[in-house]
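Got the viewer open? Let's take a walk through this one, one selection at a time.

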Amino acid sequence: MLDQVSIDRLRRMDTRGFPVLSVYVNLQPGPESLRSVPARIKDLLAHIEEDSQALPRDQRLSIRADVAALSNDIGRFGPDLGHGVAVFRSNGAAIDQQLVLPGPVRERAIIDSGAYLRPLEAMIEHYPHYCVAVVGRRFASIFRFAMDELETWEEMRDEEIRKANYGGFAGYEEQRVRSRADEVASKHYRTVAGRLTELKRSEGGFDLLIVGGPEAHVEGTIGALPPDVATLVVGTFSIDPGTMTPATVLEHSRRVAAQWEGHQEKRIVAELMDTASAGGRAVLGLEEVSSVVNQRAVDTLFVQAGRAIPGSVCSGCGRVSTDGDPVCSVCGAPTRPVPDVIDRLSESVRSTGGTVRHILNPGPLSEFEVGARLRYSTLMIDAT
Ligand SMILES: [Zn+2]
């Protein structure tokens, strides 16, 4: 599974001064899409050789070898790899790493001094860790769901309901049996809710909760959760615990999570747009956003998944810019070209204690590509 550890390992790879070729390929299901994979990879690689003309000879040769190796081994981008794949290659540094991706990815091939990791970070930040509980009458199956993968966490089994004794006065006995069953059921809900609460508070717990099963069990379990855990329930689904399989639970989990995440995204983007249009502490567009990031004024950077935009970073003051000037317009030090300014802006925001939020679904931020929520009003700072 894609995780922070594997991203950090890629970041720390010793490139021995050689450039790294990073290639992201989408492998969304569908025969049309898979048939076009070889042609798409060829297109991505063709532009890489053009882009590397200005590099020193040994670096250019390393890239040429990477391109040749990938072109001759298209079979490695097989349909068994799921939604997408990322390849990091540097012939000169003997690097060849491949990662399977948990979701669709915008295709690109990038040459940089290190592995190009923004799409991976976007995925990690995007995917919350869910707990999925399927509650049956006397048992509960608890799963973890993250990055499109479902795994069993634990199975809970309660005491059997004692065989009813139908002797004696029928009406009285029936009522007694029923209230005993109710009592057993609510004890079961409390037990499951208690365990979910423990898991939430345990090391590496979960962010959000999805509950499935017959309606009465779902409601009973949610009703027994303490308020702080009940607020983490983002959706429920109806399923027959007797016939469920990991595949059907995965399908329901995917649907509930995608619905909730889409809704959340819409809400935070709408808030950002409202604040910006009202002249509040938010800005939109690459130029404006670069300016406030350089002022270290950003609390949250919003990035709409999209193309890589080349730019430069000042070797003196660290200013990130898209103007393409070989010298910094603020401090006069030489600048260094970077293949993706948003990558550098994200790094800068994180290093000053801000957060980066990736927006995956098309919406009003698409045309601006980036937006930022500010810590304070930059106008106030200018005025003092
Ligand atoms: Zn500078």
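Start with helix 5, residues 118-126, and turn on the surface: eight of its nine residues are buried, so most of this helix is covered. If you want to label the buried ones, they are Arg118, Pro119, Leu120, Glu121, Ala122, Met123, Ile124 and His126. Keep in mind as you click around that this is a predicted model.

**Zoom out to the whole chain**

Colour by secondary structure and you'll get 12 helices and 16 strands. The radius of gyration is 26 Å, well over the 21 Å that the globule rule gives for 384 residues, so the chain is more spread out than a compact globule. Turn the C-alpha trace along its principal axes and the spans come to about 95 × 60 × 35 Å.

Now switch to the surface for the full chain. Its accessible area is about 19800 Å², with 52% of that belonging to carbon and sulfur atoms. Of the 384 residues, 46% count as buried. How far apart in sequence are the residues that touch? Among contacts between residues at least 6 apart, 68% join residues at least 24 apart.

**Select the zinc ion**

Which residues hold the zinc ion? Show side chains for Cys314, Cys317, Cys328 and Cys331: their SG atoms are the protein donors, 2.2 to 2.3 Å from the metal. Check the angles among the four donor atoms and you'll find 96 to 118 degrees, which makes the site tetrahedral. Along the sequence, the donor residues follow the spacing C-x2-C-x10-C-x2-C.

Next, pick out two of those cysteines. Cysteine 317 sits in the loop between strand 12 (311-314) and strand 13 (320-321), while cysteine 331 is in the loop between strand 13 and strand 14 (335-338), so the pair ties together parts that are 14 residues apart in sequence. Are these two buried or exposed? Neither, quite: cysteine 317 is partly exposed, with a relative accessible area of 38%, and cysteine 331 also counts as partly exposed, at 40%.

**Jump to serine 62**

Select helix 4 (residues 57-71) and find serine 62 in it. This serine counts as buried because its relative accessibility is 4%, below the 20% cut-off. Draw a distance from the serine 62 side chain to the backbone nitrogen of glycine 92, and you should get 2.9 Å. What else is in contact with serine 62? Leaving aside neighbours within four places in sequence, show Phe18, Ser90, Asn91 and Gly92.

**On to arginine 76**

Move along to the loop between helix 4 and strand 2 (84-90), where you'll find arginine 76. Is this arginine buried or exposed? It is buried, with a relative accessible area of 17%. Its side chain makes a polar contact with the side chain of glutamine 98, at 2.7 Å. For the rest of the surroundings, show Leu70, Leu81, Val87, Asp96, Gln97 and Gln98, which arginine 76 touches when residues up to four places away in sequence are not counted.

**Last stop: arginine 40**

Select helix 3 (residues 37-51) and pick arginine 40. The arginine 40 side chain makes a polar contact with the side chain of serine 36, at 2.8 Å. Finally, add valine 25 and draw a line from C-alpha to C-alpha: arginine 40 and valine 25 are 15 residues apart in sequence and 8.4 Å apart in space.

Notes: Residues are numbered from 1 along each chain as its sequence is written. This is a predicted model: local features need pLDDT of at least 70, side-chain atom pairs count only at pLDDT 80 or more; totals for chains, interfaces and linings use all residues. Side-chain values use heavy atoms; hydrogens and water are left out. Helices (H or I, at least four residues) and strands (E, at least two) are DSSP runs, numbered from the N terminus. Buried means under 20% relative accessible area, exposed over 50%, partly exposed in between (1.4 Å probe, protein chains only). A polar contact is a pair of N or O atoms within 3.5 Å; within protein, one must be able to donate a hydrogen and the other to accept it, and residues adjacent in sequence count only if both atoms are side-chain atoms. Contact means heavy atoms within 4.5 Å. Donors are N, O and S atoms within 2.8 Å of the metal (3.2 Å for Na, K and Ca); water is not among the atoms, so sites may look incomplete. Four donors count as tetrahedral if all angles lie between 85 and 135 degrees; four count as square planar and six as octahedral if opposite donors are over 155 degrees apart and all others between 65 and 115; anything else is irregular. The radius of gyration is taken over C-alpha atoms; the globule rule is 2.2 Å times the number of residues to the power 0.38. Accessible areas come from the Shrake-Rupley method with a 1.4 Å probe; for residues, only the protein chains shown count as cover.
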